Amino acid sequence: MNTQQLRHCIQRLYERWITKLSYCLLLCLVLSQSTAAQAQLKVQTDFPGGSGEVVSLNEKNQHLVLNPTNHPGHGWRCWWYVRLTGIRPGETVTLDVGNAPWATPDQATFSVDGGETWQHTEKGERDQKRIVYKLKVDADFVLVAWGPPFVSSDAKALVEKLAAGSEAASAFTLCQTRGGRETPAIRIGAEEGRDKPLVWIQARQHAWESGSSWVAQGFGEWLVSDDAGAVWLRRNTEVVLVPVMDIDNVDLGAGGKSQTPHDHNRDWGDDPHWNSVAAAHALIRKAAENDKLAAFVDLHNPAAEDLSPFFYLSSEEIMSDAAKVNQTRFLAIAKEEMRGPLRFNGRVKSSGSAYDKNWTKISGNWASLLGTPAIAVTLETSWNTPHSTTENYRTIGRQLGQSISRSLKEQAESGKNEKD
Ligand SMILES: [Zn+2]
């Protein structure tokens, strides 16, 4: 190789090396840019139940100020549920939310496994109408919400799971909503040719009260189990369970309470506006007319300061004598069965005329006005306590099931004794 050939060879090697270096630099640039893009804190709400309007977002401090999305005409602005992506794992994210009291639980709820399991944040720090939660997770994305979400797909999954787990259970669609969505429901214990007493359990007439759907889930899971009380209830009654009554607002991520023209729980007049109420109304009325209505239970979450569960009852003036006896028995048993962690200590309130001018259009009162011996109550399960978790909501649902079962069994036995 002469000098010229050597020079040429060195030049070619140099060119190749430069090309490789350029590739490397380009790759590094692309990677660093995509990492930068991933690391950018973002707020998403484009999924069922999602709600949150960003007031400000400080990327550097991972500090986010948020309000529930405003949905005029769709009820209270209190429910929020966001997906945060681009979190720097292990660093603290600060979430500032308002307004108190309805949108500001002491502890927010979050999931790092895409909504499989939910846990509480540490207690937030209040500042007038707002609350600040600090969240440190070892993940680059997290779901954070007012309480454990439960949307239409959860309702569908629940009724399908219960139907698959029990021969006595069959899933059905209560109605199609005004928004064109299906309302999943399940019937458990129905038997061809046997007209059994009806037990009706429903949740979420108010969309923001997500905890009540978890109570419904606990009740349903218990009812298809081998527990003796559950076996008795499904052998001797037909139970209908509706985990979400206001599917449209739940999936929209709106509050639902006091929506236009009125909310689901002021819709129980002669001509219901909402399709789920109309469908429930027809089935319950039919059972009542056939003297087959045994129990009606409406599941809600109460006010922030209600730190123990309680029942709303109809005023006695509209209850049949038999209903009063059956309700007294039920409440005594519920006090024994619903013993915590979310404990019913016997506290009750009246949803009578002094409570609301449209009191006769509240579901529990409407059910009492049918004049049957049925138990007709509204269970308000506290949402603003350290115990207000998915697990404990399900526990009180199970305990509610036991209370209904024991109560109806004793009622049936006392009826038999009277006949003897
Ligand atoms: Zn409610």
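**Notebook: domains, core and sheet**

I began with the domain assignment, which gives domain 1 (42–145) and domain 2 (152–419) for the chain. I note that this is a predicted model.

Next I looked up how the two domains sit relative to each other. The C-alpha centres of domain 1 and domain 2 are 30 Å apart. For the contacts between them, I find 22 residues of domain 1 against 23 residues of domain 2.

Then I turned to the overall dimensions. I read spans of about 125 × 50 × 40 Å for the C-alpha trace along its principal axes. I count nine helices and 18 strands in the chain. The radius of gyration is 27 Å, and the globule rule gives 22 Å for 420 residues, so the chain is more spread out than a compact globule.

I checked burial and contact range as well. Of the 420 residues, 45% count as buried. Among contacts with a separation of 6 or more, 76% come from residues 24 or more positions apart.

Which residues touch the most other members of the largest nonpolar core? They are Val144 and Leu241, in a core of 97 residues. I see that this core takes at least three residues from each of domain 1 and domain 2. I followed Val144 further, leaving aside its neighbours within four places in sequence. Its contacts are Val82, Leu84, Leu95, Ala108, Phe110 and Leu135.

I moved on to an open sheet of eight strands. I read its order as 11-12-14-13-15-18-16-17, and the pairing is mixed. Strand 11 (169–176) and strand 17 (348–350) are the edges, each pairing on one side only. Ignoring direction, I get an average turn of 25° between neighbouring strands of this sheet.

I then picked one pair inside the sheet. Strand 13 (residues 198–203) runs parallel to strand 15 (residues 293–300), and six bridges join the two. Which residue of strand 15 stands opposite isoleucine 201? I find valine 297 there.

Last, I looked up helices that touch these strands. Helix 3 (residues 211–223) packs on the sheet. I list its partners as strand 12 (182–188), strand 13, strand 14 (238–242) and strand 15. The direction of helix 3 makes about 145° with that of strand 13. Helix 7 (residues 321–337) lies across strand 16 (310–313), strand 17 and strand 18 (375–380). I read about 35° between helix 7 and strand 18.

Technical notes: Residues numbered from 1 in each chain as written. Predicted model: local features only at pLDDT ≥ 70, side-chain atom pairs only at ≥ 80, totals over all residues. Pairing = 2+ DSSP bridges. Helix = DSSP H or I, 4+ residues; strand = E, 2+ residues; numbered from the N terminus. Axes fitted to C-alpha atoms, helices over the stretch in contact; angles between N-to-C directions. Contact = placed C-beta atoms within 7 Å. Rg over C-alpha atoms; globule rule 2.2 N^0.38 Å. Buried ≥ 20, exposed ≤ 12 C-beta atoms within 10 Å, placed from the backbone. Core = buried A, V, L, I, M, F, W, Y, C linked by C-beta atoms within 7 Å. Domains from an automatic or database assignment.
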